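Thanks for coming. I will go through one structure this morning, starting with a term and then moving through some helices and single residues.

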Amino acid sequence: MKSTIKQKFSVSYQYDIHFTSGLFTPENRLLSDFFAARLEGSVPKLLVVIDEGVATHHPALIERIQDYFESETAVQLVGEIGVVPGGETIKNQSEHVDRIIESVDRYGIDRHSYIMAIGGGAVLDAVGYAATIAHRGIRHLRVPTTVLSQNDSGMGVKNGINYRGKKNFIGTFSPPVAVFNDNLFLLTLNDRAWVSGISEAVKVALIKDAAFFDWIENHAGSLYRRDSDAMDYLIFRCAELHLQHIAGADPFEFGSSRPLDFGHWSAHKLEQLSGFEVLHGEAVAIGIALDTVYSVLIGMLPPSDAQRVLTVLQELGLPIFHPLLENTGEVHPLLSGLEEFREHLGGRLTIMLLKAIGRGVEVHELNEAEVLRAAAALQAGVNLVS
């Protein structure tokens, strides 16, 4: 007998992004109220993992966290607070994920417990990955501490680590239970980290919201000078646009379309080629510049729009070129990023280009000669789109 049983079901996800100041100060009850509202039956456990850089720049943070949860009745802080390396180091070395999973085992963290990650996007990625493979999924909380993670990577549903030099080759789709953006963490960022995170806001504005790009253009100087009010708005609006896209499109990327990866195909490869010395946000800025000029060269984007993009990036203090983009006369290693990007998409190549500011258009192939011409134009640094 031949027969078929068809199965279909849907799962609803909801998670909130909280914006606050001084998350772990005694007078801030945001976390306390969060756990109290979700208490059912036995008190759940909480395992905390902190980015080493964050712990260094906030030397009282670990003690402050311990004090905050000492009298907490809706959740139990367990074990020592783990400190892990930040940046791509944690994503390039699997032993850090193994250590987190060992802590899950040691402290009896179950699927009704929580793992909280405090740090930049790389730490959130790696801790989130550990949380979603241990016990097939432990609730994870994100406390992003960089501009980049507060406006982009910390908002989404992806977790992962690198493998054999390939960005995010291993990972999971698993939304956090909640995200807590604390703007006080941004105050200790160096200028390079502060600026690089703005590139993701430029990206989402270019493909989705011309008015937001106008705002960035008008406030580029304030953002570069570290105006906190301007940064608060940028992070909120950027996060809002990212979340709107995730909710309304393809959150688990079953298709091959990833509009939010505008500028990323070359960015991921540039990070790898530089040994991850180029920050992700810097690589994205260069990737945006490359694909913007390419859009002009193929007749898709008006040169005046492209010039606005390049000018804004430079006014923000972001790079638009790197020596690794130079044409050596041989097969350019950057171009292998196209195939790697297609593999990462899981289907045919889909690249977002610009039709106008605020309007992205997807294409399924790039002319490699024109890509190299775009890189050469950026290297020349003058009359880029004339």
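A residue is called buried under 20% relative accessible area, exposed over 50%, and partly exposed in between. With that cut-off, threonine 311 at 29% relative accessibility counts as partly exposed. Please keep in mind that what you are looking at is a predicted model.

Threonine 311 belongs to helix H15. Its C-alpha lies 9.9 Å from that of alanine 220, although the two are 91 residues apart in sequence.

Let me stay with H15, and bring in its partner, H10. H10 covers residues 210-218 and H15 covers residues 303-315; their axes come within 10 Å and cross at roughly 45°. The two helices are therefore oblique to each other. The crossing in which H10 passes H15 is left-handed. Which residues meet there? On the H10 side they are Phe213, Asp214, Ile216 and Glu217, and on the H15 side Arg308, Val309, Val312 and Glu315. By type, the residues of this contact of H10 with H15 divide into four nonpolar and four charged, with no polar ones.

Now H10 by itself. The buried residues in H10 are Phe212, Phe213, Trp215 and Ile216. Viewed down the axis of H10, these buried residues fall within an arc of 155°, so they line one face of the helix. Turned away from that buried side is a face of H10 that carries the exposed residues Ala211 and Asn218. Two of the names have now come up twice: Phe213 and Ile216 are in the contact with H15, and both are buried in H10.

Next, the other helix pair, H13 and H14. H14 spans residues 280-297, and its axis and that of H13 come within 7 Å, crossing at roughly 135°. H13 and H14 are therefore oblique to each other. H13 passes H14 in a right-handed crossing. From H13, the contact takes in His264, Trp265, Ser266, Ala267, His268, Leu270 and Glu271; from H14, it takes in His280, Ala283, Val284, Ile286, Gly287, Leu290 and Asp291. The residues of this contact of H13 with H14 divide into seven nonpolar, five polar and two charged.

I want to pick one residue out of that list. Serine 266 lies in H13, which runs over residues 264-273. Is serine 266 buried or exposed? At 4% relative accessibility, serine 266 counts as buried. Leaving aside residues up to four places away in sequence, serine 266 touches Gly287, Leu290 and Leu334. Gly287 and Leu290 are also among the H14 residues in the helix contact. As for arginine 359, it is 93 residues from serine 266 in sequence and 20 Å from it in space, C-alpha to C-alpha.

Over to the N-terminal part of the numbering, and helix H1. H1 comprises residues 30-37, and Leu31, Ser32, Phe34 and Phe35 are its buried residues. Seen down the axis of H1, they fall within an arc of 160°, so they line one face of the helix. What do they pack against? The buried residues of H1 pack against strand E2 (45-51), helix H3 (61-70), strand E5 (114-119), strand E6 and strand E9 (178-182).

Strand E6 brings me to histidine 140. Histidine 140 lies in E6, which covers residues 139-144. At 3% relative accessibility, histidine 140 counts as buried. Not counting residues up to four places away in sequence, histidine 140 touches Ile115, Gly128, Ala131, Thr132, Asn159, Ser174, Pro175, Pro176, Val177 and Ala178. Of those, Ile115 falls within the range of E5, and Ala178 within that of E9.

Two backbone points before I finish. Histidine 135 has a positive phi of about 55°, although it is not a glycine. Histidine 135 sits in the loop between helix H6 (121-133) and E6. With a relative accessible area of 45%, histidine 135 is partly exposed.

The second is arginine 226, another residue other than glycine with a positive phi, here near 70°. Its place is the loop between helix H11 (220-224) and helix H12 (228-248). Arginine 226 is partly exposed as well, with a relative accessible area of 23%.

That is where I will stop; I am happy to go back to any of these sites.

Methods. Residues are numbered from 1 along each chain as its sequence is written. This is a predicted model: local features need pLDDT of at least 70, side-chain atom pairs count only at pLDDT 80 or more; totals for chains, interfaces and linings use all residues. Side-chain values use heavy atoms; hydrogens and water are left out. Axes are lines fitted to C-alpha atoms, for helices over the stretch in contact, and angles run from 0 to 180 degrees between N-to-C directions. Helices (H or I, at least four residues) and strands (E, at least two) are DSSP runs, numbered from the N terminus. Angles under 35 degrees count as roughly parallel, over 145 as roughly antiparallel, 65 to 115 as roughly perpendicular and the rest as oblique. A crossing is left-handed if the near helix is turned anticlockwise from the far one by less than a right angle, and right-handed if clockwise. Contact means heavy atoms within 4.5 Å. Ala, Val, Leu, Ile, Met, Phe, Trp, Tyr, Cys and Pro count as nonpolar, Asp, Glu, Lys and Arg as charged, and the others, Gly among them, as polar. Buried means under 20% relative accessible area, exposed over 50%, partly exposed in between (1.4 Å probe, protein chains only). The arc is that of the directions from the helix axis to the C-beta atoms.
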